[in-house]
Amino acid sequence: MIPTLHASKRMDQRAIPADFVELLGCFGIALNSHHGADKLALPRREAKHLRRRIESLLQRWDHLVDTYAVVSDADVLITTAHTTHRAHRRRVARTSIAR
């Protein structure tokens, strides 16, 4: 998502970090606003479930750090694995919010 100037100002005024908006983009529920845009929300029930998932991942963080995924241009997950050697790295952001 690319925030408008208006959205950036509101995020700053309301102390809503871009990282949380990125989470909304990944895990939020789209509510139709009937104005050509979707409202992304993370209701309490879903937020509690997401928190449990994140806590579970954090418990296994050190084991998962050297994991990689192969994803096609069509966003299809092809495979996953653990890195066994240091490869040439190129940073790729799949989804992020520019500020």
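This report walks through a predicted model of one protein chain, from its overall layout to a few of its details.

## The overall layout

Let's start with the big picture. The protein chain contains four helices and four strands. Read from the N terminus, these elements follow the order α-α-β-β-α-α-β-β.

How much of the chain is buried? Of its 99 residues, 9% count as buried. The accessible surface of the chain is about 9,100 Å², and carbon and sulfur atoms account for 54% of that area. You can also ask how contacts link parts of the sequence: among contacts between residues at least 6 apart in sequence, 26% join residues that are at least 24 apart.

## The second largest pocket

Now look for open space in the model. Rolling a probe the size of a water molecule over the atoms reveals where empty space is left. The second largest pocket has a volume of about 410 Å³, and 16 residues line it. To find its centre on your screen, look for M1, P3, A7, M11 and V21, the lining residues that lie nearest to it.

Three elements each give two or more residues to this lining: α1 (5-13), α2 (18-27) and β2 (38-41). Which of them provides the largest share of the lining? That is α1, with four residues. By character, the lining residues of this pocket divide into 10 nonpolar, two polar and four charged.

## One salt bridge

Side chains of opposite charge can pair when their charged atoms come close. The structure holds one salt bridge, and its partners are the side chains of R51 and E55, with a distance of 3.1 Å from N to O.

Both R51 and E55 sit in helix α3 (residues 44-59), and they are four residues apart, about one turn of the helix. Are these partners buried or exposed? R51 is exposed, because its relative accessible area of 58% is over the 50% cut-off. E55 has 38% relative accessibility and counts as partly exposed.

## Two loop residues with positive phi

Most residues other than glycine have a negative phi. Two residues here are worth finding with that in mind. A15 has a phi near 55°, a positive value in a residue other than glycine. A15 belongs to the loop between α1 and α2, and with 65% relative accessibility it counts as exposed.

The other is D75, whose phi is near 65°, again a positive value in a residue other than glycine. You will find D75 in the loop between β3 (67-71) and β4 (77-82). D75 is exposed too, with a relative accessible area of 55%.

Technical notes:
Residues are numbered from 1 along each chain as its sequence is written. This is a predicted model: local features need pLDDT of at least 70, side-chain atom pairs count only at pLDDT 80 or more; totals for chains, interfaces and linings use all residues. Side-chain values use heavy atoms; hydrogens and water are left out. On a 1 Å grid over the protein atoms alone, a cavity is a set of points where a 1.4 Å probe fits but cannot get out, and a pocket is an open set with protein on both sides within 12 Å along at least five of seven lines; lining residues have an atom within 4 Å of a point. Grid points are joined across faces, edges and corners, and a volume is the space filled by probe spheres set on the points. Ala, Val, Leu, Ile, Met, Phe, Trp, Tyr, Cys and Pro count as nonpolar, Asp, Glu, Lys and Arg as charged, and the others, Gly among them, as polar. Buried means under 20% relative accessible area, exposed over 50%, partly exposed in between (1.4 Å probe, protein chains only). Contact means heavy atoms within 4.5 Å. Accessible areas come from the Shrake-Rupley method with a 1.4 Å probe; for residues, only the protein chains shown count as cover. A salt bridge is a side-chain nitrogen of Lys or Arg within 4 Å of a carboxyl oxygen of Asp or Glu.
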